[in-house]
Amino acid sequence: MKNKKILLGTILALLVLLVGGFFAAGLKTSNGAGSKGTIRFGSKDFTENLVVAEVYSLALEDHGYKVDRKANIGSSLIHNSLKNNEIDVYPEYTGTGLLSVLGENMQTDPKAVYKTVKTNYEKKFKLTWLDYAQANDSQGLVIRTETAKKLNIKTISDLQKHAQELRFASQGEFDQREDGLPGLEKTYGSFNWKSSKTYDNSLKYEILANNKADVTPAYTTEGQLVDTDKYTLLKDDKAFWPPYNLAPVIRDETLKKYPEVKGILNQVTKSLTTKTVTKLNAKVDVDKEDYKKVARDYYETIK
């Protein structure tokens, strides 16, 4: 009888172990985190790139990959980090690839720019540009909405005609760079501002809001631009600035090892419009939410 009890106890213990093992395995399979391999996902050191990289990372994790996040890499360093096999993928901008990395001449057609960077990255670096997003973080000019309505200014051409009535808030280097005021004037004509003063970039929206200036340079997805009652982003109607469309750039060997990653990231990219990315930036830079929470909340709406 004693031996039967011992045998029964042993069988029950084994069953508990087996059931527990199957249950744990089932959890791992359903979650899938890390079961397919590890992707080193890099990001640059500013809000937009951090948020977008996190959304991509969440999508990879949701499909069974472990993601090793390499955040806050300097913009001047991240391309070499990818080339040197320190990361596998990161979100880049087509205009940056064209001008800063490849040193090509300026182009303004989004498809042509993408084709140039995609072809040359493959030839020179063995890196692949995945699909690019509609989201375009280019340069632009922002005007106080009150002023824009008063003078009926909607485009940079309109702005140029009224420049003598407007106060310009520069960031200094904008007045010297070829992709700043000198280039603009070659395309649109002279901007004879009523006044021009240099301010720190971090103060520009405060300067406009406090009516100390009317116009300032900006990037087209800055979070403050959600407040259209205060700020109006002018249309670059003569297409002076090149496009800076978002797209993941990935090492060829990583893509060969994990071909499924292409479809996963491209699916996320489809959802990223300029308006969407601007709102995500606003949640971090204006509403002061944590970028990881912002990314998580957004991913939950698109997965």
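A cavity here is a set of grid points where a 1.4 Å probe fits but cannot get out, and its volume is the space filled by probe spheres set on those points. Keep that in mind for these exercises, which work on a predicted model.

**Exercise 1. How many cavities of 30 Å³ or more does the structure hold, and which elements line the largest cavity?**

Step 1: start with the count. There is one cavity of 30 Å³ or more, and the largest cavity encloses about 60 Å³ of space.

Step 2: go through the wall. Its lining residues are Phe41, Gly42, Ser43, Leu50, Ala53, Glu54, Ser57, Arg69, Ala71 and Tyr291.

Step 3: place them on the fold. β1 (38-44), α2 (47-62) and β2 (66-73) each give at least two lining residues, with the largest share, four residues, coming from α2.

Step 4: sort by chemistry. You get five nonpolar, three polar and two charged residues.

**Exercise 2. Which residues are closest to the centre of the largest pocket, and what is its lining made of?**

Step 1: get the volume, which is about 700 Å³ for the largest pocket. Out of 31 lining residues, Phe46, Tyr93, Asp137, Tyr219 and Glu222 are the closest to the centre.

Step 2: look at the elements. At least two lining residues come from each of α2, α3 (78-83), β3 (89-93), α4 (94-101), α9 (204-209) and α12 (274-285). The largest share belongs to α4, with four residues.

Step 3: sort the pocket lining, and you find seven nonpolar, 15 polar and nine charged residues.

**Exercise 3. Which way do the residues of β3 point, and are they buried or exposed?**

Step 1: split the strand by direction. Val89, Pro91 and Tyr93 point one way, while Tyr90 and Glu92 point the other way.

Step 2: check the cover. Buried means under 20% relative accessible area, and five of the five residues of β3 are buried.

Step 3: find the neighbouring strand. β3 pairs with β10 (residues 246-251) in the antiparallel sense over five bridges; in β10, Leu246 is the bridge partner of Tyr93.

**Exercise 4. Where do asparagine 72 and alanine 239 sit, and why does each count as partly exposed?**

Step 1: check the backbone. Phi is near 60° at asparagine 72, a positive value in a residue other than glycine. Alanine 239 also has a positive phi, near 50°.

Step 2: locate them. Asparagine 72 lies in strand β2, whereas alanine 239 belongs to the loop between β9 (231-233) and β10.

Step 3: apply the cut-offs. Partly exposed lies between the buried limit of 20% and the exposed limit of 50%. Asparagine 72 counts as partly exposed because its relative accessibility is 48%. Alanine 239 has a relative accessible area of 36%, so this residue is partly exposed.

Key. Residues are numbered from 1 along each chain as its sequence is written. This is a predicted model: local features need pLDDT of at least 70, side-chain atom pairs count only at pLDDT 80 or more; totals for chains, interfaces and linings use all residues. Side-chain values use heavy atoms; hydrogens and water are left out. On a 1 Å grid over the protein atoms alone, a cavity is a set of points where a 1.4 Å probe fits but cannot get out, and a pocket is an open set with protein on both sides within 12 Å along at least five of seven lines; lining residues have an atom within 4 Å of a point. Ala, Val, Leu, Ile, Met, Phe, Trp, Tyr, Cys and Pro count as nonpolar, Asp, Glu, Lys and Arg as charged, and the others, Gly among them, as polar. Buried means under 20% relative accessible area, exposed over 50%, partly exposed in between (1.4 Å probe, protein chains only). Two strands pair if DSSP finds at least two bridges between them.
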